[in-house]
Amino acid sequence: MSKAKSKEEYVFLARMAEQSERYDEMVEYSTEFTKKANGELSLDERNILSVAFKNAVGSRRASWRVLTSIEQKEEKKENGQVEKVKKYKQDIEAEIKNYCEKILSLIDNNLLKSASSDEAKVFFNKMKADYYRYLAEFQKGEAKNTSSNKALEAYQNAYEIAENRLTSTDPIRLGLCLNFSVFYYEIMQQPEKAIEMAKKSFDDAIANLDNVTDESYKDATLIMQLLRDNLTLWNSDMPEEQ
């Protein structure tokens, strides 16, 4: 019988899996060290967990988008293989759902309960919202409504804390505003709300850029660039006023 591994051993294994780009295994190791954690995860552990699930789910979301494009092309053909593509898409959706449910369970049962700092509370509420958003991307009907509402609630919880407790140039707050605005644009189909949120976040950060710390500057300015890119794209898609 093999000896049970310590939290530190699982952290080391997760780092090795990351360097080897074996993200499914990185998810397993990250899940284990999260369950063994006594109190709030360190910043490093939090980032390892985030990278694991982001890559495992992100690659499958990319696959799903490719299959959606193939499906649309097949639908235009006289003898298109639509059903085969749909079946493949359903397999990918099941995998995404599995990973999303795994991280959402960890967040509710472990991570939010042990989060004591404002940064951790914002980070994990945002993370919770993100993975409900990923579910809502492919779900339909009542399932989509449920995931959308849960994502909205978690984004709002994170935003309330971030607005009151984190500076406007904090990368965690900026990342939250970036993803929250994307949620409004893509899932809620509210482009005006998305533009309003992204613009406010960008403008608030610009006004406070002189006070940003050296360690946060690179991350903050990178996210600000993404906000600005989205604003440019979204504004160009808005109908012109007559």
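How much space lies in the largest pocket? About 950 Å³. Keep in mind from the start that this is a predicted model. With that said, let us walk through its pockets and then its salt bridges.

**The largest pocket**

A good place to begin looking is the middle of this pocket. The lining is made up of 28 residues, and those closest to the centre are S50, K54, F123, K126 and I223. Four helices, α3 (43–75), α5, α7 and α9 (214–237), each supply at least two residues of the lining. Of these, α3 gives the largest share, with nine residues. By character, the lining of the largest pocket divides into 13 nonpolar, six polar and nine charged residues.

**The second largest pocket**

The next pocket holds about 180 Å³ of space. You can trace its lining through W64, E71, K86, K89, Q90, E93, E137, F138, Q139 and K140. The elements that give two or more residues to this lining are α3, α4 and α5. Here the largest share comes from α4, with four residues. The lining of the second largest pocket divides into two nonpolar, two polar and six charged residues.

**Salt bridges**

Now to the charged side chains. The count of salt bridges in the model comes to 19. Three of them are set out below, each with its N to O distance.

| Pair | Distance, N to O |
|---|---|
| K128 and D108 | 3.0 Å |
| R173 and E163 | 3.7 Å |
| D203 and K199 | 2.7 Å |

Take the salt bridge between K128 and D108 at 3.0 Å. This pair links distant parts of the chain: K128 sits in helix α5 (residues 118–138) and D108 in helix α4 (residues 82–114), 20 residues apart. Is K128 buried or exposed? K128 has a relative accessible area of 18%, and because that is under 20%, this residue counts as buried. Its partner D108 is partly exposed, with a relative accessible area of 31%.

The side chains of R173 and E163 also meet in a salt bridge, at 3.7 Å. This pair too links distant parts of the chain, with R173 in helix α7 (residues 171–186) and E163 in helix α6 (residues 141–165), 10 residues apart. R173 is buried, with a relative accessible area of 10%, whereas E163 is partly exposed at 34%.

Where do D203 and K199 lie? Both are in helix α8 (residues 191–207), four residues apart, which is about one turn of the helix. Their side chains form a salt bridge with an N to O distance of 2.7 Å. D203 has a relative accessibility of 34% and counts as partly exposed. K199 is partly exposed as well, with a relative accessible area of 46%.

Which residues do salt bridges with shared partners join into one network? They are E163, R173, K200 and D204. To follow this network in the structure, you can start from R173 in helix α7 and E163 in helix α6.

Definitions and conventions: Residues are numbered from 1 along each chain as its sequence is written. This is a predicted model: local features need pLDDT of at least 70, side-chain atom pairs count only at pLDDT 80 or more; totals for chains, interfaces and linings use all residues. Side-chain values use heavy atoms; hydrogens and water are left out. A salt bridge is a side-chain nitrogen of Lys or Arg within 4 Å of a carboxyl oxygen of Asp or Glu. Buried means under 20% relative accessible area, exposed over 50%, partly exposed in between (1.4 Å probe, protein chains only). On a 1 Å grid over the protein atoms alone, a cavity is a set of points where a 1.4 Å probe fits but cannot get out, and a pocket is an open set with protein on both sides within 12 Å along at least five of seven lines; lining residues have an atom within 4 Å of a point. Grid points are joined across faces, edges and corners, and a volume is the space filled by probe spheres set on the points. Ala, Val, Leu, Ile, Met, Phe, Trp, Tyr, Cys and Pro count as nonpolar, Asp, Glu, Lys and Arg as charged, and the others, Gly among them, as polar.
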